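Open the model in your viewer and keep the selection box at hand. This tour moves from stop to stop, saying what to select and what is there.

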Amino acid sequence: MAISSSPVQLVRPKRFGDARGWFTEVYSVPAFDALGITPSFVQDNHSLSVPAFTLRGLHFQAPPRGQDKLVRCIRGRIFDVAVDVRRDSPTYGQWVGAELSAENGHQLFIPIGFAHGFVTLEPDCEVTYKCSDTYAPDHDGGIRWDDPAIGIEWPIPAGISPELSAKDRVQPLLADFDSPFTYDGRPLTPLA
């Protein structure tokens, strides 16, 4: 495995299967170090979204309580998104996304400085993610999921409105957001 130059990374753990099923390592410090993913994770979160097209996001935790996240879908399928919200980044406001599913086993690493969100693509989806800091409600923040300046291409069928929390209905637009995140010299690039 080689270190990626992109701050957001799609991780594809290898599965070893036989007639009984399969086995995979979803997290290993040496394997992730080789990818350049080096945060210490201190909290694991697990969510269940019952209706299809439940949308959670776009969320982040501001400094000094920023959170790196390692996200995976353990039941169902989701479309997972990261948006660059680092001040002075040449890719500020740009996004990348990938389908994560129980079937493909892929994970998305989202570092501090990126807003994160996902939409479920079928009913009864379960998502787990590791965080590099614990939840700090005073540092909780977000951006509108449907901000036209970002233009995320959510795979939601025409005529369907996503299920949203009250908080996600009123998040600010990117234009009204004063980013507390600084650019680290690594622009967002397409997922490899």
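**Stop 1: the cavity.** This is a predicted model. Select His 59, Phe 60, Gln 61, Gln 67, Lys 69, Ile 110, Pro 111, Ile 112, Gly 113, Phe 114, His 116 and Phe 181: they line the largest cavity. The elements β5 and β11 each give two or more residues to this lining. Which element gives the largest share of the cavity lining? Strand β5 does, with three residues.

How much space lies in the largest cavity? About 60 Å³. The count of cavities of 30 Å³ or more comes to one. Now colour the cavity lining by class. You should find six nonpolar residues, five polar ones and one charged residue. As for how such spaces are found, rolling a probe the size of a water molecule over the atoms shows where empty space is left.

**Stop 2: the pocket.** Next, select His 59, Lys 69, Tyr 129, Asp 140 and Lys 167. Of the 25 residues that line the largest pocket, these lie nearest its centre. Two of them may look familiar: His 59 and Lys 69 are also among the residues lining the largest cavity.

Show the strands β4 (43-49), β5 (55-61), β11 (114-120) and β12 (125-131), then add the helix α2 (166-169). Each of these elements gives two or more residues to the lining of the largest pocket. Strand β5 gives the largest share here, with six residues.

The volume of the largest pocket is about 440 Å³. Colour its lining by class as well. It holds 12 polar residues, seven nonpolar and six charged.

**Stop 3: two cis bonds.** Stay on β5 and select Gly 57 and Leu 58. Is the peptide bond between them cis or trans? It is cis, with omega near 5 degrees. Leu 58 is part of strand β5.

Now move to Pro 63 and Pro 64. The peptide bond joining them is cis too, and omega is again near 5 degrees. Pro 64 sits in the loop between β5 and β6 (69-75). For background, most peptide bonds are trans.

**Stop 4: two positive phi angles.** Select Asp 88. This residue is not a glycine, yet its phi is positive, at about 70 degrees. Look for Asp 88 in the loop between β8 (86-87) and β9 (95-101). Is Asp 88 buried or exposed? With a relative accessible area of 68%, Asp 88 counts as exposed, because that value is over 50%.

Go on to Asp 124. Here phi is near 60 degrees, a positive value in a residue other than glycine. Asp 124 is in the loop between β11 and β12. Its relative accessibility is 30%, so Asp 124 counts as partly exposed. As a general rule, most residues other than glycine have a negative phi.

**Stop 5: one loop, two residues.** Find the loop between β13 (140-142) and α2, and select Ile 152 there. Ile 152 has a relative accessible area of 12%, so it is buried: the cut-off is under 20%. What is Ile 152 in contact with, leaving aside its neighbours within four places in sequence? Its partners are Leu 58, Val 81, Val 83, Trp 95 and Trp 145. Leu 58 is the residue from the cis bond with Gly 57. Try a distance as well: 14 Å separates the C-alpha atoms of Ile 152 and Pro 162, which are 10 residues apart along the chain.

Now select Ala 149, in the loop between β13 and α2. Ala 149 is exposed, with a relative accessible area of 60%. Draw a line from its C-alpha atom to that of Val 119. The two atoms are separated by 19 Å, with their positions 30 residues apart along the chain.

**Last stop: the whole chain.** Zoom out and show the cartoon. Count two helices and 14 strands. The C-alpha atoms fill a box of roughly 55 × 40 × 30 Å along the principal axes. The radius of gyration is 16 Å, which agrees with the value near 16 Å for a compact globule of 192 residues.

Switch to the surface. The accessible surface comes to about 9600 Å², and carbon and sulfur atoms account for 53% of it. Buried residues make up 49% of the 192 in the chain. Finally, turn on contacts: of those with a separation of 6 or more, 85% join residues 24 or more positions apart.

Terms used:
Residues are numbered from 1 along each chain as its sequence is written. This is a predicted model: local features need pLDDT of at least 70, side-chain atom pairs count only at pLDDT 80 or more; totals for chains, interfaces and linings use all residues. Side-chain values use heavy atoms; hydrogens and water are left out. On a 1 Å grid over the protein atoms alone, a cavity is a set of points where a 1.4 Å probe fits but cannot get out, and a pocket is an open set with protein on both sides within 12 Å along at least five of seven lines; lining residues have an atom within 4 Å of a point. Grid points are joined across faces, edges and corners, and a volume is the space filled by probe spheres set on the points. Helices (H or I, at least four residues) and strands (E, at least two) are DSSP runs, numbered from the N terminus. Ala, Val, Leu, Ile, Met, Phe, Trp, Tyr, Cys and Pro count as nonpolar, Asp, Glu, Lys and Arg as charged, and the others, Gly among them, as polar. The radius of gyration is taken over C-alpha atoms; the globule rule is 2.2 Å times the number of residues to the power 0.38. Buried means under 20% relative accessible area, exposed over 50%, partly exposed in between (1.4 Å probe, protein chains only). Contact means heavy atoms within 4.5 Å. Accessible areas come from the Shrake-Rupley method with a 1.4 Å probe; for residues, only the protein chains shown count as cover.
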